[in-house]
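Visitor: I should like to go through this structure one feature at a time. Would you take my questions in turn?

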Amino acid sequence: MLQKETLANLKFHIWRKPLIVLLVVLLGVLLTATTNSIVKDNGELVRPRISLNNGWKFFKYESQQDADNLIYDVRPQVKENWTFGEADDKPTEAENVEIKQMVLKPWILPSGNDFIKDPANQHVRPDGNPGNDFPFVQKDYDDSKWEDISLPHDWAIDGPFYEGPDPEVSGGMGRLPVHGVAWYRKKLEIPVSDSSKIIYLDVDGAMSYAMVWLNGKLVGGWPFGYNSFRLDLTPYVNPGGDNQLAIRLDNPNHSSRWYTGGGIYRNVWLVKTNPVHIAQWGSKINTEYVSENSAEISLDLTIENRSDRVASISTVTEFFELDGESKRFDGAVAEIVSDVIDVPANETGNIKGSLIIESPKLWGPPPTQVPNMYIAVTRLSENGKVVDEYKTPFGIRSLKYDPDSGVYVNNELIKLNGVNQHHDLGAIGAAFNTRAAERQLEILRDMGCNAIRTAHNPPAPELLDLTDQMGFLVIDESFDVWERKKTPHDFHLIFPDWYEQDLRSMIRRDKNHPSVIMWSYGNEVGEQYTDEDGAELAGKLRQICKDEDPTRLTTSAMNWAKPDMPFPNSMDVISLNYQGQGIRQDPVFEGTDRIQTKPLFPDFHKMHPDKVIISSETGHGVSSRGIFLFPVTDKITSPVRDGIGGNPSIQHVSAYELYSADYGSSADVIFGSIDRNAYVGGEFVWTGFDYIGEPTPYYSSRSSYSGVIDLAGFKKERFYLYKSQWLPDTPMVHIIPHWNWPDRIGKVTPVHVFTSGDEAELFINGKSYGRKKKSEYEYRLRWDDIKYEPGEVKVIAYKNDDLWAQEVMKTTGESTELELTADRNVIKADGKDLSFITVKVVDENGVIVPTATNTIQFLVEGPGEIVATDNGDPTDFTPFPSDIRKAFSGVAVVIIRSLSGEKGEIVILAKSNGLGNAKLKIESN
């Protein structure tokens, strides 16, 4: 499509906000809208955005060999002896594959043309219609025996797991059936009244190699499974008649280093517009010259004219405040009115303008700031008639990057207490659920976390809605690989054809989110090793980011490139994975060929004094919640080895939180490294939550050990260590280990204490074992010579010699009963909302028995259903949907989902032999 920019002369009006604002009543629940909404003009719906999540038919081939030949492209054969290596293995060159069969790539590539800046590089669709005679795309194909499903949908999460040695899907991808080819079919209702409309299909995410047919015609597709994309259905629609949508997905094995999930795992929408409308993600708002007194807001609108006539158009954009639930307050605070401009037929035009908002409510991260949000409502008129309305949520905030201190939000230095997050949501898999993601953020916030890095792909759009609302800062990341591969079938296969489209579309989608403070276009890519060539490619990606959004800085995370190499020169921010504190500094690695790096914060700061430095991955501590192994290292960090923090026979790592992956370090080391180098802007821990796949160090397990919080959402001991540092003004103290050790009476059982105080005194059965004070760069207090005796452990913490906090731990009795608690006792009856129910195995005093592993069965009565159960044990291969689950270290979780439209009382029952029954009621309304 030809681009034509027209700068309109704009007039704006500014109104003072009324003293009293009224909350707008939201009318209608039939159609769901986020950035786009619905208005009525002469009784006509202007821009309906209709959820297509319900009413799908689903079919998956039993094996790749059984699948059809409608392939996007050929892929290299995976060698039989290929195994998943270590996470920091050097990426290798792509393989050349000879094409010997028809592929559909030439028909799919044009789907990304709107994101290719140079028209000369855009793709021309070939003649022909591949797949038109394939049964699954036909209207009259009988799919009645296919599975009925709703979206978002992850075809792999139900399992079963692949167990044992040499599984078909490795531990790296979670030992779940993520691989394969599958089809989704759905009937679309397009009335005759839509004959003059433009009909779009918006897919927020489909894993992967999505290809779409409508009424037997190949529409297009998008291969990268993490990107959101739009397809124009208009040429293929049959208004008033049957419309059959068919989507083919192909998620190859060995395509990732972690669990991808499989299927259409995010929301899907049908968007109907008039021929003249605001383009996809076509509203850009920048906040400039921000102060408490005023803020200058710039607006840039891209208008599409899909008609065969010149369109005379104008816009009115009103700006409103939003409340904490993203509902609009009554009364616009400002308005922009454009002059009339002409947009030629089948071209695009731009309208730009700016205004001043007085006394703005700034967006910023808690606890010192408030994440206030606004929304811009743009009405587009043609010849005086409203033909489109578009809503753009945004926040007003300033960003400043200082190489000697870090990131400033609204002129306040915000140290990044961040975590890395993979996209799966634990036991419910990759299928996005807003409440599950919100729960994760709530738990992280309780730890003092204020920042998220989306490792290593664009997130679901709703996640960024949540980070906006909750005030998290975000590094929005695009790629884990470029042209050099980490696994045989990863994104390197499509990177050369798609990197511009994927990167531009991510930034256009996410640019208005105030929570996004930085773009990352790579993670530990193999091009670190290719000198000037790698730096040149990095420079191209940086330029795309700057072209789309010059207001934010860019980066690419490095685990190998050194300060004097070309690669770091290609980015605005130095992002270091583990290099800042040093990699493999333990003597055990001397003489090996693995990456070994001295602490490099000072060297990078000296070589790049004008660039902010962040530690984009830190720690990679590993542990199994509630599992303590002896002896305990006397070091402040140690790589896991058999007998040193690890037990390969049970596949668990000690929860003393002193042990790490080979290339990582304990949290204690990271805290010291950042404190010694005050110019470092902060850290992103690997990881916030455990995630499915990549189970370092035991690849026979199902899920990772690296989370500060386990897969079920239970806090590991490390949570309290981070909280003690990230919330230093919050009184807290925490004791490890638990105190149930009948086989360790008289044996050395170290006691460690995490506290936000500066000293503490330990008592066991009333006897003091001394008061200890933290030294400089010391982050835990240790009593390493304690000999176990059952009874009571008590710690009293002090700060500046004043009593600060205390905790008591007792040896428990035998398990006697179950206890249920809900994270939320009232949920919405929308078929999506969740309640996470924790079941605790307790003794007669109601105290959790930390060694309990009782088998628990769950039952539900009323308008709810069990989605999944879990316990956080990375070695547990019970399928997630099972209603039977063993407790792990005394607890388990059952996830309850409401039934759509069915209100009432949901009763959850848990029972276990010898422990009786426990019952809990929640409301669905």
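The questions and answers below concern a predicted model.

Visitor: How many residues of strand S30 are buried?
Guide: Strand S30 covers residues 573-577. Val573, Ser575 and Asn577 point one way from S30, and Ile574 and Leu576 point the other way. Residues on both of these sides are buried, and the count for the strand is 5 of 5.

Visitor: In S30, which residue is the bridge partner of serine 556?
Guide: Strand S29 (residues 553-558) pairs with S30 in the parallel sense, over 4 bridges. The partner of serine 556 in S30 is isoleucine 574.

Visitor: Which hand has the crossover from S30 to S31?
Guide: S30 and strand S31 (residues 613-619) run parallel and are joined by 3 bridges. Asparagine 577 stands opposite glutamate 617 in S31. Between S30 and S31 the chain passes through helix H6 (residues 601-607), and this β-α-β crossover is right-handed.

Visitor: What is the angle between the planes of tyrosine 61 and phenylalanine 136?
Guide: The structure holds 46 aromatic pairs. In the pair of tyrosine 61 and phenylalanine 136, which is stacked, the centres are 6.3 Å apart and the angle between the planes is 25°.

Visitor: How many residues apart are tyrosine 61 and phenylalanine 136 along the chain?
Guide: Tyrosine 61 is in the loop between strand S5 (56-60) and helix H1 (105-108). Phenylalanine 136 is in the loop between H1 and strand S6 (147-149). The pair thus links distant parts of the chain, 75 residues apart.

Visitor: Why does tyrosine 61 count as buried or exposed?
Guide: A residue counts as buried under 20% relative accessible area. Phenylalanine 136 is at 8% relative accessibility and therefore counts as buried. Tyrosine 61 also counts as buried, because its relative accessibility is 10%.

Visitor: What is the distance from centre to centre for phenylalanine 479 and phenylalanine 491?
Guide: Phenylalanine 479 and phenylalanine 491 are both buried. Their rings are stacked with 15° between the planes, and the distance from centre to centre is 5.2 Å.

Visitor: Which aromatic cluster includes Phe479 and Phe491?
Guide: Both rings belong to one aromatic cluster. The members of this cluster are Phe224, Tyr226, Phe479, Trp482, Phe491, Phe495, Tyr499, Tyr521 and Phe567.

Visitor: Over the face of which residue does arginine 230 lie?
Guide: Two arginines may be taken together here. Arginine 584 lies over the face of phenylalanine 589, at 5.8 Å from the ring centre. Arginine 230 is at 4.2 Å from the ring centre of the residue whose face it lies over, tyrosine 200.

Visitor: Which helix gives the most to the largest nonpolar core?
Guide: The largest nonpolar core has 211 residues, and those with the most contacts inside it are Trp183, Tyr184, Phe319 and Trp482. With 6 residues, the element that gives the most to this core is H4.

Visitor: How many residues has the other core that lies apart from it?
Guide: The other core includes Trp363, Val377, Tyr401 and Val409. Its number of residues is 22.

Visitor: How many residues of helix H8 are buried?
Guide: Helix H8 (residues 717-726) is mostly covered. Its buried residues include Phe719, Leu721, Tyr722 and Trp726. Among the elements that cover them are helix H2 (434-446), helix H7 (667-676) and strand S37 (680-686). The count of buried residues in H8 is 8 of 10.

Visitor: Which strands are the edge strands of the open sheet S46-S53-S52-S48-S50?
Guide: The pairing in this sheet of 5 strands is mixed. Within the sheet, strand S52 (residues 904-912) and strand S53 (residues 916-924) run antiparallel and are joined by 9 bridges. The edge strands each pair on one side only, and they are S46 (826-827) and S50 (884-886).

Visitor: What is omega for the cis peptide bond that joins tryptophan 686 and threonine 687?
Guide: Another cis peptide bond runs from phenylalanine 630 to proline 631, with omega near 0°. Threonine 687 lies in the loop between S37 and H8. For the bond that joins tryptophan 686 and threonine 687, omega is about -5°.

Visitor: What is the phi of asparagine 383?
Guide: Most residues other than glycine have a negative phi. Asparagine 383 is in the loop between strand S20 (373-382) and strand S21 (385-394), and it counts as exposed because its relative accessibility is 64%. Although asparagine 383 is not a glycine, its phi is positive, at about 55°.

Notes
Residues are numbered from 1 along each chain as its sequence is written. This is a predicted model: local features need pLDDT of at least 70, side-chain atom pairs count only at pLDDT 80 or more; totals for chains, interfaces and linings use all residues. Side-chain values use heavy atoms; hydrogens and water are left out. Buried means under 20% relative accessible area, exposed over 50%, partly exposed in between (1.4 Å probe, protein chains only). Helices (H or I, at least four residues) and strands (E, at least two) are DSSP runs, numbered from the N terminus. Two strands pair if DSSP finds at least two bridges between them. A crossover is right-handed if, with the strands pointing away from the viewer, the path from the first strand over the helix to the second runs clockwise. Rings of Phe, Tyr and Trp (its six-membered ring) pair if their centres lie within 6.5 Å; planes under 30 degrees apart count as stacked, over 60 as edge-to-face and the rest as tilted. A charge sits over a ring if NZ of Lys or CZ of Arg is within 6 Å of the ring centre and within 35 degrees of the ring normal. A nonpolar core is a set of buried Ala, Val, Leu, Ile, Met, Phe, Trp, Tyr and Cys residues joined through side-chain atoms within 4.5 Å. Contact means heavy atoms within 4.5 Å.
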